[in-house]
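Please look over the sequence and the model together before reading on. The paragraphs below go from the whole chain to its packing and then to a few individual residues.

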Amino acid sequence: MEVVEQVTAEPAEQEAVVEPPELAEFTRKDTLEHVTALISKVVDLPDDMLSGVIFGDEYDRQEIQQVIESATYNLVTPKIPLDLSLALPTFGGAMEDIVHDSFNKCFEAHLPVPWNWNAYLLPAYLLGVFVRYFILFPIRLTILVWSIIAFLVISAINRKTEKDERKAIEKDRKLMWYLANAWIMALGGVIQYSGVAPTIGANQVYVSNHTSIIDYVVLLGAQTFAVVGQHHPQPLAFFQDVVLKCLSCIWFDRKELKDRGLVRNRIQEHVNRADVAPLLIFPEGTCVNNRHTVMFKKGAFELDAEVCPVVLKYNNIFVDAFWDTRNVSFLRYLFELLTSWALICDVTFLERQKIQPGETPVEFAERVQTLISEVGGLEPTQFNGYFKHIRVDKKFIAQRQKETAETMLRSLKLQKTLGDEKVKKIALKKTSVGKQSLTRRNV
């Protein structure tokens, strides 16, 4: 019993006398028992090894310090620390996609540069806000609403009084031309038309770059085109189904796969007729920011008809004509147009184009896209514009996650293998040292 008391009391005295500076700060905070528990939680060592660590003599102090430092480090870090370099390939790929994201650049709206926030320009700016929102906007909205009402009333009277349906349709087309110009006036449009004037005839189709639904209104000011486009919800559905009914426009729903075959047949039938309004197609299939063009779909270029390219180039000095359909509703977009100073656009009708011998419809579409881009000063790209409406497939995300996880697991297994070998070597070494130290103390 006396031997045990001597053994248990002696280390406390020796620890106070020969304790190195590195351990002094640690043991002032924690008791000797807590150090034992702390080491046993992190490093799986036998009891005699722990005794050797705690009751080791002055000769073993350096190795004891390494064990305790390793134990305290592992309390706040994983036994197999994650290497940040494992994530570098994923981060690098993401950064590269962001920096070289040419696709989304095609759909970025023009951000105006602030110019009016100073003392001498602010009064003029506030006066301009008052004129645009409290004078121009009510006048333009009145013109827009009453022109639609007048068109509907006159069209209904025309349908009732005119017995010949063909003449009734021709009169409605003329009314539509007046209505389109009234809309342009309501938008403060300053439109300049140039090039080959559009005509009515068979075996021809007009194609144009697409910035906004206002493109169709601008082109209606030159010719009453029938258009192929997406059927929109209200309030646009009213204009598509009622106001534009006289033009025999072709509407479709992108979500309905069966619509594709039906639309293709209707387009071919329309192009073959000479007594209908000329057909207008926006082959990009979506609104682009008028600084780029995206891939022209080949549908309009495999109809065995002459293709008449049209270039629309807007001036953003007063308002950005681009309609960001993903983030801006139609009513908000229309409000921005009605409260701007003016909508400026240059419309150029280019020479008719025919498919060349040996040229595929895809190559023909690329050639016309390049022609429109050069004349309009736009940057051509071959991205599928419809992708902006599609979210990334979950299968693709899962595949990327799987590849990243496999890469990290391989590296972690390698680190674990190396770490286990190192721990075993340290444990064996400490075990032998602990046994020797405990034997000396008992003797």
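Accessible areas here come from the Shrake-Rupley method with a 1.4 Å probe. On that basis the accessible surface of the chain, in what is a predicted model, comes to about 26,700 Å², and 61% of this surface belongs to carbon and sulfur atoms. The chain has 443 residues, of which 37% count as buried, and its secondary structure consists of 15 helices and 9 strands. Among contacts with a separation of 6 or more, 77% are made by residues 24 or more positions apart.

A good place to start with the packing is the pair formed by helix α8 (residues 122–161) and helix α9 (residues 165–186), whose axes come within 9 Å and cross at roughly 175 degrees. Since an angle over 145 degrees counts as roughly antiparallel, α8 and α9 are therefore roughly antiparallel to each other. The residues that meet include Ile143, Leu144, Ile148 and Phe151 in α8, and Ile169, Leu175, Met176 and Leu179 in α9. Sorted by class, this contact of α8 with α9 has 14 nonpolar, 3 polar and 5 charged residues.

In soluble globular proteins, nonpolar side chains tend to be buried together. Here the largest nonpolar core has 47 residues, and those with the most contacts inside it are Met176, Tyr216, Leu219, Leu247, Leu280, Leu343 and Val347. At least two residues of this core come from each of several elements, among them α8, α10 (214–220), β7 (306–315) and β8 (343–349), while the largest share, 7 residues, comes from α9. A second, separate core of 23 residues includes Ala226, Leu279, Ala300 and Ala305. Returning to Val347, and leaving aside residues up to four places away in sequence, one finds that it touches Ile191, Gln192, Tyr193, Ser194, Val218, Leu219, Val310, Val311 and Leu312.

Helix α11 (236–243) is another element that supplies at least two residues of the largest core. The buried residues of α11 are Leu236, Ala237, Gln240 and Val243, and they pack against α8, α9, β3 (226–230), β4 (250–252) and α13.

Where, finally, does Ser248 lie? Ser248 is found in the loop between α11 and β4, and its phi is near 55 degrees, a positive value in a residue other than glycine. Asp304, in the loop between β6 (292–293) and β7, likewise is not a glycine and has a positive phi of about 55 degrees. As for accessibility, Ser248 is partly exposed, with a relative accessible area of 37%, whereas Asp304 counts as exposed at 75%.

Technical notes. Residues numbered from 1 in each chain as written. Predicted model: local features only at pLDDT ≥ 70, side-chain atom pairs only at ≥ 80, totals over all residues. Heavy atoms only, no water. Axes fitted to C-alpha atoms, helices over the stretch in contact; angles between N-to-C directions. Helix = DSSP H or I, 4+ residues; strand = E, 2+ residues; numbered from the N terminus. Parallel < 35°, antiparallel > 145°, perpendicular 65-115°, else oblique. Contact = heavy atoms within 4.5 Å. Nonpolar A, V, L, I, M, F, W, Y, C, P; charged D, E, K, R; others polar. Buried < 20%, exposed > 50% of the residue type's maximum accessible area, 1.4 Å probe, protein only. Core = buried A, V, L, I, M, F, W, Y, C linked by side-chain atoms within 4.5 Å.
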